[in-house]
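Open the structure in your viewer and get ready to select a few residues. We will make three stops together.

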Amino acid sequence: MPKQIASLLLLMLLSVIGQAQPKLSTKNKKAIVFYQSAIKAYDKYEYDTAEKELELAVDKDKNFIEAYLLMAQVYQETRRYEQAIEVSEKAIAINPDFFPNIYLNVGNLNLFLGRYQRALEHLTRFISYPNIRPNLREKANKSIATCQFAVKAIENPVPFNPISLGSNVNTPLNEYWPSLSADENTLVITVNLPKDSSATDIYRYGQEDFFISQRDTSGLWGIARNIGAPINTDSNEGAQSIAAGGNHMFYTVCRGVCNIYVADRLPDGSWGNPRTVPGKLNADRYSDKQPSISPDGNHLYFVSTRPGGFGGYDIWRSAKQPDGSWGIPTNLGATINSSGDEQSPFIHFDNQTLYFASNGHVGMGGLDLFVTRKQSDTTWSVPANLGYPINTYRDEDGLIVNARGTTAYYSSDRNTDTGRDIYTFALYPEVRPIPSSYITGTILDESNGRAVPANFQLIDLERNEVIMHTNADARGEYMVCIPSNRNYGLFASAEGYLYHSENFSLQGVHSIDKPFRKNIYLKPFAVGQVLVMRNIFFQTDSYELLSESAVELNRLVELLRVNPLVRIEVGGHTDNVGSDSYNQQLSEKRASSVAQYIIGKGIDVGRITWKGYGEQQPMSSNETEEGRAENRRTEIRIVGI
């Protein structure tokens, strides 16, 4: 039962009790004695005693309204919501206008149980009273909006066929926060274990640990086993996120407040000693938890109660600093965060699509799952509810989606017999992320074949936005997960080298076990070296630069700024379509357009020359479209250092 509903009734009821003692709805002295005894027991949390005393009170006077109201509160405290509704309805039947606030509480109780039409009746009756408190009217209107949304959602269900991961993963205990390895064969979950065999309320007396399950060759999940020390301790660990490369795990540890920790995978496959993430991510006096690491490893998304939010838990993001620490987090803003709680953020492998749970946005009640898409580095689309029956009146959260964007995993307590469990389902197209593929390769020095630990960037040319930004390791090897079927500029750079430029549109989906492989060769900075600028685009049969060219042109401008002695020649090249004279003129004008752009950005004209080569220096055969595309290019030649 949501705490806010129980607390709301308690506050309303105590006000009635305090004000109504001299003039209770009964004159039966024995009923009043039992009622007063029940209040004392209730104040001591002796709910069994309070219930017995209240039963005696209404036995003496079956029209004793206050006794029914307090009994409803006892039932709520002990999670007997059906009975709470029943005795509340008895109070209403005795005198419908005695305590108008009861309609708000009974409405929210019915909402909590998914009885939307019945909830609407009570909530609508509540707001019909003229003198209710503004804050309660606001709460009622929010609940009404939830009911109206839910009724419409049920009438228009989305495709959904949840499948439990089975008894090897799900048990009578609560399992949640799934995370999946890149190859989709290793599952890590959080399990709420009783601290001892006598513990009956694991929410209050449980301990969270990580469990791991492996998928076998037949596709079945093996028995989930405790991941063990040094990750699991006597404290609560949970809400883990595994980096795309599989070598780092970020997760939550709660000792009073919650903080985010990181552990590294050791060469033998085990996990090293965990540590709090370095830098300024964790707050001292506020909880930070439920991390999600971006696929390029440069941002951590998480939820926090720190100041500067919009209420409850908000989603925040911290950027990785050049020294490997994490910077001061920024709030994702009012489009995503609400006055309620946002939970379980998951940034997909496309680095653009964010899934999260919220009870603050209008939904089905409880925690619902939402999706939002990055519009710029700081703005996001209005979150979309994933719809019914993915979302229900119960809590849904902890959703993750595989790299292909087709299959979701999440936790739900939809089966009350087994508690919270892990389910998987096919994600319907409208809420899928961009399918993402894995690219791997080695960055090498073209002159000697040695590895170069270069910087690697993938940029959306249309939006001029960095999609991925990572570094090759000491062996020059890199692996990135990128959105497929999109047009990107790929750039690799390292000190002492010309940057490498590619125009990249990856077709199809390449999994982690069958990645797309591309080696990159960097040219040392030297006179005579040629840089092919693959992300310079012109209007067809024109020398007018397209806006997508700005990404690479600005990169070249920056290269010239940090190397003020470098002089270059801009060379324009065409394929053999058209006459020699036409191609020659077109190549000259295109080379001139590039040169003028650079000069217009403040580079001294004395450092730039330009020349058109027409169709005279092909790189590939002009017999194929692919070859002709290779030949239509802009080159930069270093002519002086």
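## Stop one: a helix and its ends

This is a predicted model. Begin by selecting Tyr45, which follows helix α2 and has a positive phi, near 65°. Now step back along the chain and colour α2 itself, residues 29-43. How far apart should the ends of this helix be? With 15 residues at 1.5 Å a residue, α2 should span 21 Å, and its end C-alpha atoms are indeed 21 Å apart, so the two values agree.

At the N-terminal end, show the side chain of Asn28, which caps α2. One of its side-chain oxygens lies 3.1 Å from the backbone nitrogen of Lys30. Next, pick out the buried residues of α2, among them Ile32, Tyr35 and Ile39. Residues three or four places apart in an α-helix point the same way, because there are 3.6 residues a turn.

## Stop two: an open sheet

Select strands β6, β7, β8 and β9: they form an open antiparallel sheet in that order. β6 (236-242) and β9 (275-276) stand at the edges with a single partner strand each, so one side of each has no neighbour in the sheet. Zoom in on β6 and β7 (residues 248-255), which are joined by 5 bridges. Here you can find Gly238 opposite Thr252 in β7.

## Stop three: a buried arginine

Finally, go to Arg590 in helix α11, residues 580-600. Which side chain of opposite charge is nearest to Arg590? That is Asp541, 5.7 Å away, and the buried Arg590 has no salt bridge. Instead, look for the backbone oxygen of Ser542, which the Arg590 side chain reaches at 2.8 Å. Arg590 also touches other residues, including Phe538 and Tyr543.

Key. Residues are numbered from 1 along each chain as its sequence is written. This is a predicted model: local features need pLDDT of at least 70, side-chain atom pairs count only at pLDDT 80 or more; totals for chains, interfaces and linings use all residues. Side-chain values use heavy atoms; hydrogens and water are left out. Helices (H or I, at least four residues) and strands (E, at least two) are DSSP runs, numbered from the N terminus. Buried means under 20% relative accessible area, exposed over 50%, partly exposed in between (1.4 Å probe, protein chains only). Lys and Arg count as positive and Asp and Glu as negative; His and the chain ends are not counted. A salt bridge is a side-chain nitrogen of Lys or Arg within 4 Å of a carboxyl oxygen of Asp or Glu. A polar contact is a pair of N or O atoms within 3.5 Å; within protein, one must be able to donate a hydrogen and the other to accept it, and residues adjacent in sequence count only if both atoms are side-chain atoms. Contact means heavy atoms within 4.5 Å. Two strands pair if DSSP finds at least two bridges between them. The expected span of a helix is 1.5 Å times one less than its number of residues.
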